[in-house]
Amino acid sequence: MSEYSGDGASGQPVRATGQAEARPSHQSGARPSAVLLDFHNTLAVVRSVNEWIDEASDLVAGGPAPGAIPRERIRNVWGDARRLFPALDWDLDPTAHRHAFVSTLNHDDAIPIDVAEALYAVMPNQWMLNAGASDFIARASAVGTRLGIVSNIALDIRPALERWGIATAFDAVILSYEVGCVKPDPRIFRLAADALGVDPTDCLMIGDSAHDDVGGAALGMPCLIVPPEGTWRAFALASPS
């Protein structure tokens, strides 16, 4: 049974552990041997919906004026997709991933299909590192903390890591569509810990979802859950002193 402390909505990191006695090792005076990061809304955030629309519009001849595209439909695309396609495991299949995104934006003709497809095509270009991420990665790498990413996604994020100059800092990149399971399934956290060569109990998970990112708690893996605008607080807690 997992134990939760809050939901992260206040911007303060909250803890989830698989056992009552388990705690993030840095809280007891020693840093964890490894840290796992969620990708979207933890390591990376979307830079600007307006810039996203502008870039996509360049790919569409005679498309609608940028002001005519509903921003909220784009901002809420994955939540709306879950409502429209509750049985679709899009994080396990790139084709399903693209279908969920494009069909959700195009639902009720809110966004023309060619614009929705263009938005999907340029989506990876919109990712940028979250506040505090670069400093945390540099500090953790300097002291030998092993780093990994565990993400529910059906796109390869490695080109983005290369673009940001941090690809070599990560010892493991575990993507759901490549390993065939999604968070919160404990198996994906076990795969990540094994890839890093550490016990799950000595591997801290940082993420934004109190549902998905605490799956490792079943293995005794400590977790810090915090919304994207407050992730720098979790990075500060996990950083070597």
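Which residues of strand β7 are buried on one side, and which on the other? In β7, which spans residues 172-175, A172 and I174 are buried on one side while V173 and L175 are buried on the other, and both faces of the strand are thereby covered. Here buried means under 20% relative accessible area, whereas exposed means over 50% and partly exposed lies in between, with a 1.4 Å probe and protein chains only. Helices (H or I, at least four residues) and strands (E, at least two) are DSSP runs, numbered from the N terminus.

The model is predicted, and local features need pLDDT of at least 70, side-chain atom pairs count only at pLDDT 80 or more, and totals for chains, interfaces and linings use all residues. Residues are numbered from 1 along each chain as its sequence is written, and side-chain values use heavy atoms, with hydrogens and water left out.

Strand β7 pairs with strand β6 (residues 146-151) in the parallel sense, over 4 bridges; two strands are said to pair if DSSP finds at least two bridges between them. Within this pairing V150 stands opposite I174, and I149 has V173 as its bridge partner. Between the two strands the chain passes through helix α7 (residues 158-163), and this β-α-β crossover is right-handed, meaning that, with the strands pointing away from the viewer, the path from the first strand over the helix to the second runs clockwise. Strand β6 is also joined to β3 by 4 bridges, and these two strands run parallel, with L36 standing opposite G148. Of the 6 residues of β6, 5 are buried.

Two helices can be followed next. In α6 (133-142), the buried residues include A133, F136, I137 and A140. They cover an arc of only 95° around the axis, which puts them on the same side of α6, where the arc is that of the directions from the helix axis to the C-beta atoms. Among the elements that cover these buried residues are β3, β5 (127-129), β6 and α10. After α6 comes G144, whose phi is positive, near 85°.

In helix α10 (residues 231-238), T231, A234, F235 and A238 are buried. Seen down the axis of α10, these residues fall within an arc of 100°, so they line one face of the helix. They pack against β3 (34-37), α6, β8 (203-207) and β9 (223-225).

Finally, there is open space to consider. The largest pocket holds about 810 Å³ of space. On a 1 Å grid over the protein atoms alone, a pocket is an open set of points with protein on both sides within 12 Å along at least five of seven lines, and its lining residues have an atom within 4 Å of a point. The lining has 28 residues, of which H40, N41, W78, W90 and N152 are the closest to the pocket's centre. Helices α1 (49-57), α2 (71-75) and α3 (77-84) each supply at least two lining residues, and α3 gives the most, with 4 residues. Helix α3 also holds D80, which counts as buried at 19% relative accessibility. Leaving aside its neighbours within four places in sequence, D80 is in contact with R73 and T104, contact meaning heavy atoms within 4.5 Å.

Note on methods: 1 Å grid on protein atoms, 1.4 Å probe; cavity = no way out; pocket = protein on both sides within 12 Å on 5 of 7 lines; lining within 4 Å. Points joined across faces, edges and corners; volume = space filled by probe spheres on them.
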